[in-house]
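Thanks for coming. Please have the sequence and the structure open while I talk, and I will go through it piece by piece.

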Amino acid sequence: MSTRGTISSMSSYAILGCGSVGHSVAEELVERGKEVLILDKDQSRVEALRDQDLQARQADIGDPEIKSEVAGFDVVLILASDVEANKSAVSLIREDDADQFIVARASDPVTSDELSELGADVVINPSTVIADAALRALESGELEFKARNLADVLTGAKRKVAILTHDNPDPDSIASAAALESIATHLGVEADILYFGDIGHQENRAFVNLLDIELTHHDSVDIEDYDTFAMVDQAKAGAVSIEEPVDIYIDHYEAAGELDAEFADVRPNVSATSTILTKYLQEFDMTVSETVATALLYGIRSETLDFRRDTTPADLTAAAYLYPFANHDTLEQVESPNMSPETLDVLAEAIANREVQGSHLISNAGFINSRDALAQAAQQLLNLEGVTTTAVFGIIDDTIYLSARSKDIRLNIGSVLQDAFADIGEAAGHSTQASAEVPLGIFNGLETTEQNRETLLTLTGEAVTRTLFDAMGVEQENNGNGS
């Protein structure tokens, strides 16, 4: 196929076969100021087209003379309902290797392939085009309907709206909450973002601090101040449990149990809750603030590993919409936060104590002061050559905390931790990241003292490592640190 300019840069068009499809295309091209010639074998149709001030001539598109008729045109659109005639026209025009852009009409996948093989640059199937247009219209109408329902629930609040992130919230959960808060503000409704657990990961703290997103810990508010409760991004990453009924539920994962909310939007066909909230910002025709745009763009990027994992067209279009409004200097600062001395110590310990079986790495970071460094250590160790799954654990007081990461598409690390620890502790997560906490006594039945710390550490490390490798389906060989 020869190299030609884009359709938008071309100025002259020949339309062969002018039924309803060809007529609509001709009118649109003339409206855009293009030169258009219509060739059709039906004389009465040609005369009707001329009455509408369209340039039309009678011609049989299967006649060899058709080559000379269209010779001077940049684009030839072969749009007759007779597909055999269309195939004949493509063959005739390509016979002398004519350097023209050809668009041809097919009736099914088979004729589509045949027209492409004959030399058509673009093949269209009207029924497919209509179906695609109908689906787009359906999606647009559904979003408009849902936006109205969301607005009704938000404006129905008598007091304030509580927007709940998942436990120990990540960027996607925080960004989604910030976007929903901005929608509430746009509708004249007061809302607060509440979180459980900690914002511990240094990257997440940098994210919140640099963007100045106001989050309030659930335990520090009077819950009676709120009468409407919204949950965002809850299903797979540390879902929280509240006594109050949930009014709004938005997520990109299916809820684990029965969902009873006045408004729910769950879309497993996108990779980030931030993508869903971006669509609502567009539907409400809001001016997106720099803070919210930056947060949402980072939420999408973090969930898709910078568009390298499970990225959908919806994620890409949402990111493209947000890109001009975001602060990219802030994004760069969020992605490269300073590492605390404690995190560095935990990482060093994790590197020294790593055990590698195949592409799976497990490491005991020993006694630690903060669980947050474990997630960063697990993420950093994932960069080691040949490693696709990491798990780093440490002990605080009488609890073992564990953080895991995986880029192995065959493994769901959230399910692995559930299988390993759900019966003896708590585990949460999804396919690429997860966490767990287990009472220390489960593994050894001993109370921690200064005298038995090292013994406990050794016993616990061996037990947790064995349990994890078993849950991953890895048969342990001679243990090594992967040096």
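I start with a definition: a residue is called buried if its relative accessible area is under 20%, exposed if over 50%, and partly exposed in between. Also note that this is a predicted model.

Now use the cut-off. Is D233 buried or exposed? Its relative accessible area is 5%, so D233 is buried. D233 sits in the loop between β10 (226-232) and β11 (248-251). Its phi is near 55 degrees, a positive value in a residue other than glycine. For background, most residues other than glycine have a negative phi.

D53 is another non-glycine residue with a positive phi, about 65 degrees. Where is it? D53 lies in the loop between α2 (43-51) and β3 (56-58). With a relative accessible area of 71%, D53 is exposed. The two aspartates therefore fall on opposite sides of the definition: D233 is buried and D53 is exposed.

Next, strand β5, residues 101-105. How many of its residues are buried? The count is 5 of 5. In a regular strand the side chains alternate between the two faces of the sheet. Look for that here: F101, V103 and R105 point one way from β5, while I102 and A104 point the other way.

β5 has a partner in strand β4, residues 75-78, and the two pair in the parallel sense over 4 bridges. One bridge to find on screen joins V75 to F101 of β5. β5 also pairs with strand β6, residues 122-124, again in the parallel sense, over 3 bridges. There, R105 has I124 of β6 as its bridge partner. Between β5 and β6 comes helix α5, residues 109-118, and together they make a right-handed β-α-β unit.

Helix α4, residues 83-94, belongs with this part of the talk, since β5 and α5 are among the elements that cover its buried residues. The others named there include β1 (12-16), α3 (66-70) and β4. In α4, 9 of the 12 residues are buried, among them V83, V90 and I93, but also K87 and R94. Why does the length of α4 make sense? At 1.5 Å a residue, its 12 residues should span 16 Å, and the end C-alpha atoms are 16 Å apart, so the two agree.

Now a pair of helices. α9 (residues 273-283) and α10 (residues 290-303) pack at an angle of about 145 degrees, with axes 9 Å apart. From α9 the contact uses S274, T275, L277, T278 and L281, and from α10 it uses V292, L296, G299 and I300. Which classes are these? The contact has 5 nonpolar and 4 polar residues, and no charged ones.

Last, the open sheet of 6 strands. The order is β13-β14-β15-β16-β18-β17, with mixed pairing. The edge strands are β13 (354-357) and β17 (426-429), each pairing on one side only. Neighbouring strands in this sheet are turned by 15 degrees against each other on average, direction ignored. At the β13 edge, β13 pairs with β14 (residues 360-367) in the antiparallel sense over 4 bridges, and R354 has S363 of β14 as its bridge partner. Helix α13, residues 341-352, lies across β13, β14 and β15 (389-396), running at about 125 degrees to β14.

Conventions. Residues numbered from 1 in each chain as written. Predicted model: local features only at pLDDT ≥ 70, side-chain atom pairs only at ≥ 80, totals over all residues. Heavy atoms only, no water. Buried < 20%, exposed > 50% of the residue type's maximum accessible area, 1.4 Å probe, protein only. Pairing = 2+ DSSP bridges. Right-handed = clockwise from strand over helix to strand, strands pointing away. Axes fitted to C-alpha atoms, helices over the stretch in contact; angles between N-to-C directions. Contact = heavy atoms within 4.5 Å. Nonpolar A, V, L, I, M, F, W, Y, C, P; charged D, E, K, R; others polar. Expected span 1.5 Å × (residues − 1).
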